[in-house]
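Grab a coffee and open the viewer. Try each exercise on your own before you read the solution.

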Amino acid sequence: MSLDTVGVIGAGVTGCGVAQDLACHDFSVFLVDISYDILARAKKDIKNGIRFQRLFSEESPDSGEALDRITFSTSYGILADIFLVIECIDEIWDMKRDLLSLLDGLCRKECIFASSTSAIPISRLAAATKRPAQVIGIHFMNPVPHKALVELIPGVETSGGTIEKACNLLERLGKSYVLVKDSPGFVSNRVLMGSINEAAALLEEGVATAAEIDRIFRGCFEHKMGPLETADLIGLDTVLRTLEVLDGCLPGRHFRPAGILREHVESGRLGRKSGRGFYDYC
């Protein structure tokens with residue numbers, strides 16, 4: 001089974017980062033999304049990402065060389081004959097379920113489905129297919145090309161062979177991993193999203209400003225970014241959807257989204273990608 005060609009579905013921040021990282025490590029990539037406008041923006045973002053990456057490593061390929069290894073498409077049919085698909089679509093259960101069901105009928109029976117879900121349990125995703133042994137979670141961190149560690153999450157029925165192939169992929173990407181048991185939010189987002197939500201609640205209650213909250217985490221705990229800065233980088237819409245998943249899976253905990261977070265998303269303040277979030281970037 002050759003994993004030299006990989007399909008990536010979803011040309012958002014994570015999908016573009018995964019496609020860029022794969023292309024820069026000599027993989028051929030099929031990047032699929034629903035519109036040519038989204039793909040045109042993705043191509044521009046990946047080109048800029050590769051140029052930025054070259055500032056840190058002279059060994060990185062030039063943008064033209066890496067981009068030539070990426071095929072941008074709106075057709076799922078392009079994925080029919082490959083052996084690995086990584087889905088990076090929005091954190092919405094119905095969308096992921098329908099996508100995996102579609103891929104299950106389209107892709108060859110040997111194909112592995114990897115999900116970069118932020119919170120949805122892998123076993124639940126696997127149940128949307130007839131190949132649960134070939135479904136695994138690979139939770140990439142953003143920005144993907146610059147993060148050397150991922151969470152690797154097998155579902156209840158994920159086979160040893162699927163885990164081995166996922167490990168081989170990560171090794172080729174120069175990434176290490178922590179193998180964690182399947183659970184809503186895994187490790188990173190169970191901890192991170194709770195922190196972001198509490199920080200948003202403190203802001204909403206007027207206990208401190210966003211800058212003061214983040215300064216405490218940078219200055220007292222030596223975090224590179226505070227929780228609200230991190231939320232803006234992730235995207236407040238993604239944070240909100242992740243919290244909604246966690247709140248649904250783990251009711252009664254501290255994952256019910258803070259009102260100010262929902263208000264920001266509804267008003268279009270999504271973080272860095274929209275120019276405004278908890279901070280202004282314009």
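Below are some exercises on helix packing, salt bridges and burial, each with a worked solution.

Keep in mind as you go that this is a predicted model.

**Exercise 1. Work out how helix 7 and helix 10 are oriented to each other, and which residues make the contact.**

Solution. Here's the background: a packed pair of helices is described by the angle between the two axes and the distance between them.

Step 1: Find the two elements. Helix 7 covers residues 188–205 and helix 10 covers residues 236–249.

Step 2: Get the geometry. Their packing angle is about 115 degrees, and the axes are 10 Å apart.

Step 3: Put a word to the angle. Angles of 65 to 115 degrees count as roughly perpendicular, so helix 7 and helix 10 are roughly perpendicular to each other. The crossing of helix 7 and helix 10 is left-handed.

Step 4: List who touches whom. Helix 7 brings Asn189, Arg190, Met193, Ile196 and Asn197, while helix 10 brings Val239, Thr242, Leu243 and Leu246. Sorted by class, the contact between helix 7 and helix 10 has five nonpolar, three polar and one charged residues.

**Exercise 2. Now do the job again for helix 10 and helix 11, and sort the contact residues by class.**

Solution. Step 1: Helix 11 is residues 259–266, and it packs with helix 10 at an angle of about 130 degrees, the axes being 9 Å apart.

Step 2: That angle makes helix 10 oblique to helix 11. The crossing of helix 10 and helix 11 is left-handed.

Step 3: From helix 10, pick out Leu236, Asp237, Val239, Leu240, Leu243 and Glu244; they meet Leu261, Arg262, His264 and Val265 of helix 11. The class count for helix 10 with helix 11 is six nonpolar, one polar and three charged residues.

**Exercise 3. Decide how well covered helix 9 is, and say what covers its buried residues.**

Solution. Step 1: Helix 9 runs over residues 227–234, and six of its eight residues are buried, making it mostly covered.

Step 2: The buried residues of helix 9 are Pro227, Leu228, Glu229, Thr230, Ala231 and Asp232.

Step 3: Look at the surroundings. The cover over those buried residues of helix 9 includes helix 7, helix 8 (210–221) and helix 10.

Step 4: Check what follows. Glycine 235 comes after helix 9, and its phi is positive, near 110 degrees.

**Exercise 4. Go through three salt bridges and ask of each: are the partners buried, partly exposed or exposed?**

Solution. A reminder first: side chains of opposite charge can pair when their charged atoms come close. Searching the whole structure turns up 17 salt bridges.

Step 1: Start with arginine 172 and aspartate 4, whose closest N and O atoms are 2.9 Å apart. Arginine 172 lies in helix 6 (residues 160–172) and aspartate 4 in the segment before strand 1 (5–9), so this pair ties together parts 168 residues apart in sequence. Arginine 172 has 38% relative accessibility and counts as partly exposed. Aspartate 4 is partly exposed too, with a relative accessible area of 40%.

Step 2: Move on to glutamate 87 and lysine 96, a salt bridge with its closest N and O atoms 2.8 Å apart. Both of these residues are buried.

Step 3: Finish with aspartate 280 and arginine 276, which meet in a salt bridge at 3.3 Å, N to O. The cut-off for exposed is over 50%, so aspartate 280, at 53% relative accessibility, counts as exposed. Arginine 276 is partly exposed, with a relative accessible area of 38%.

Step 4: Look for shared partners. Asp90, Asp237, Arg241 and Lys273 are joined into one network by salt bridges that share partners.

**Exercise 5. Describe the settings of two lysines, lysine 43 and lysine 96.**

Solution. Step 1: Place them. Lysine 43 is in helix 2 (residues 36–54), and lysine 96 is in helix 4 (residues 93–106).

Step 2: Check accessibility. Lysine 43 is partly exposed, with a relative accessible area of 43%, whereas lysine 96 has 1% relative accessibility and counts as buried.

Step 3: List contacts, leaving aside neighbours within four places in sequence. Lysine 43 is in contact with Leu67 and Phe72. For lysine 96, the contacts are Glu87, Ile89, Asp90, Glu91, Ser115, Thr117, Ile120 and Leu125.

Step 4: Add a distance. Lysine 43 and cysteine 111 are 68 residues apart in sequence and 26 Å apart in space, C-alpha to C-alpha.

Terms used
Residues numbered from 1 in each chain as written. Predicted model: local features only at pLDDT ≥ 70, side-chain atom pairs only at ≥ 80, totals over all residues. Heavy atoms only, no water. Axes fitted to C-alpha atoms, helices over the stretch in contact; angles between N-to-C directions. Helix = DSSP H or I, 4+ residues; strand = E, 2+ residues; numbered from the N terminus. Parallel < 35°, antiparallel > 145°, perpendicular 65-115°, else oblique. Left-handed = near helix turned anticlockwise from the far one by under 90°. Contact = heavy atoms within 4.5 Å. Nonpolar A, V, L, I, M, F, W, Y, C, P; charged D, E, K, R; others polar. Salt bridge = Lys/Arg side-chain N within 4 Å of Asp/Glu carboxyl O. Buried < 20%, exposed > 50% of the residue type's maximum accessible area, 1.4 Å probe, protein only.
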